Amino acid sequence: MENINTPWGYYIDIIPNEYGYNLKKLVINPNKSLSLQSHNKRSEHWIVVKGNPKIIIEDRSLELKPDDHFYIPVNRKHKIENETNEIIEIIELQFGNYLGDDDIINY
């Protein structure tokens with residue numbers, strides 16, 4: 001499995017695009033965040049395995065901890081922020097009939 005580097009950290013495709021789902025590990029570096037985004041064709045399920053991310057979905061903001069999980073329905077704006085000095089690790093399950101990166105709508 002290969003690390004895919006991003007401006008916020010990196011991710012690893014654990015199970016890439018198999019039978020309508022992807023399974024990824026996201027690693028968000030200290031004081032970094034993913035962009036505010038949504039998807040037209042997939043939902044996402046997040047499980048926090050390390051760290052304390054701030055999750056933003058639409059107009060709600062939540063502080064999560066390890067073993068917490070969160071569901072992002074199709075078409076909902078969402079974001080992960082790491083406002084700490086430690087890395088955050090999240091397991092992300094993407095589920096839908098199309099899972100391409102071009103389904104990311106950035107705001």
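Trp46 has its bridge partner in β10, and that partner is Glu92. Trp46's strand is β5 (residues 42–50), which runs antiparallel to β10 (residues 88–96) over eight bridges. Keep in mind that you're looking at a predicted model. Its mean pLDDT is 95, and 100% of the residues reach 70 or more.

**The sheet**

- β5 and β10 belong to an open sheet of six strands, in the order β1-β2-β3-β10-β5-β8 with antiparallel pairing.
- Why do β1 (3–6) and β8 (69–72) each have one side without a neighbour in the sheet? They stand at the edges with a single partner strand each, so nothing in the sheet flanks the other side.
- From one strand to the next, the twist averages 25 degrees.
- As a general reminder, strands of a sheet pair through backbone hydrogen bonds, in either a parallel or an antiparallel way.

**The β6–β7 hairpin**

- β6 also pairs in the antiparallel sense, with strand β7 (residues 60–63), over four bridges.
- Within that pairing, Ile56 has Ser61 of β7 as its bridge partner.
- The two strands make a hairpin with two residues between them.
- Glu58 sits in that turn and has a positive phi of about 50 degrees.

**The nonpolar core**

- The largest nonpolar core has 15 residues, and Leu26, Ile28, Ile80 and Ile90 touch the most other members.
- At least two core residues come from each of β3 (21–28), β5, β6 (54–57), β8 and β10.
- This fits a broad pattern: in soluble globular proteins, nonpolar side chains tend to be buried together.
- Leu26 is placed in strand β3. Buried or exposed? Leu26 counts as buried because its relative accessibility is 3%, where the cut-off is under 20%.
- Leaving out residues up to four places away in sequence, Leu26 touches Trp8, Tyr10, Tyr11, Ile80, Ile88, Glu89, Ile90 and Glu92.
- That list includes Glu92, the residue bridged to Trp46.
- Leu26 and Thr6 are 20 residues apart along the chain, with 10 Å between their C-alpha atoms.
- Ile80 touches Leu26 and Ile28, along with Ser33, Leu34, Trp46, Pro53, Lys54, Ile55 and Ile90, again not counting residues up to four places away in sequence.

**Arg42 and its surroundings**

- Arg42 is in strand β5. With a relative accessibility of 2%, Arg42 counts as buried, since the cut-off is under 20%.
- What does the Arg42 side chain make a polar contact with? The side chain of His39 is the partner, at 3.3 Å.
- A polar atom of the Arg42 side chain also lies 3.4 Å from the backbone oxygen of Gly100.
- Setting aside residues up to four places away in sequence, Arg42 touches Val74, Gln94, Phe95, Gly96, Tyr98, Leu99, Gly100, Asp103 and Ile104.

**Ile105 and strand β11**

- You'll find Ile105 in strand β11 (residues 104–106).
- Ile105 has a relative accessible area of 28%, so it is partly exposed.
- His39, the polar partner of Arg42, is 66 residues from Ile105 in sequence, yet the two are 6.1 Å apart in space, C-alpha to C-alpha.
- Beyond its neighbours within four places in sequence, Ile105 is in contact with Leu36, Gln37, Ser38 and Asn40.

**Positive phi in the loops**

- Most residues other than glycine have a negative phi, which makes a couple of loop residues worth a look.
- Asn31 has a phi near 60 degrees, a positive value in a residue that isn't glycine.
- Asn31 is in the loop between β3 and β4 (37–39), and its relative accessible area of 52% makes it exposed.
- Asn75 isn't a glycine either, and its phi is positive at about 70 degrees.
- The loop between β8 and β9 holds Asn75, which is partly exposed at 44% relative accessibility.

**Confidence along the chain**

- Where is confidence lowest and where is it highest? Strand β2 (residues 9–18) is lowest, at a mean of 90, while strand β9 (residues 78–81) is highest, at 98.
- The general caution is that predicted coordinates should not be read in detail where pLDDT is low.

Conventions:
Residues are numbered from 1 along each chain as its sequence is written. This is a predicted model: local features need pLDDT of at least 70, side-chain atom pairs count only at pLDDT 80 or more; totals for chains, interfaces and linings use all residues. Side-chain values use heavy atoms; hydrogens and water are left out. Two strands pair if DSSP finds at least two bridges between them. Axes are lines fitted to C-alpha atoms, for helices over the stretch in contact, and angles run from 0 to 180 degrees between N-to-C directions. pLDDT is the predictor's confidence in each residue, from 0 to 100. A nonpolar core is a set of buried Ala, Val, Leu, Ile, Met, Phe, Trp, Tyr and Cys residues joined through side-chain atoms within 4.5 Å. Buried means under 20% relative accessible area, exposed over 50%, partly exposed in between (1.4 Å probe, protein chains only). Contact means heavy atoms within 4.5 Å. A polar contact is a pair of N or O atoms within 3.5 Å; within protein, one must be able to donate a hydrogen and the other to accept it, and residues adjacent in sequence count only if both atoms are side-chain atoms.
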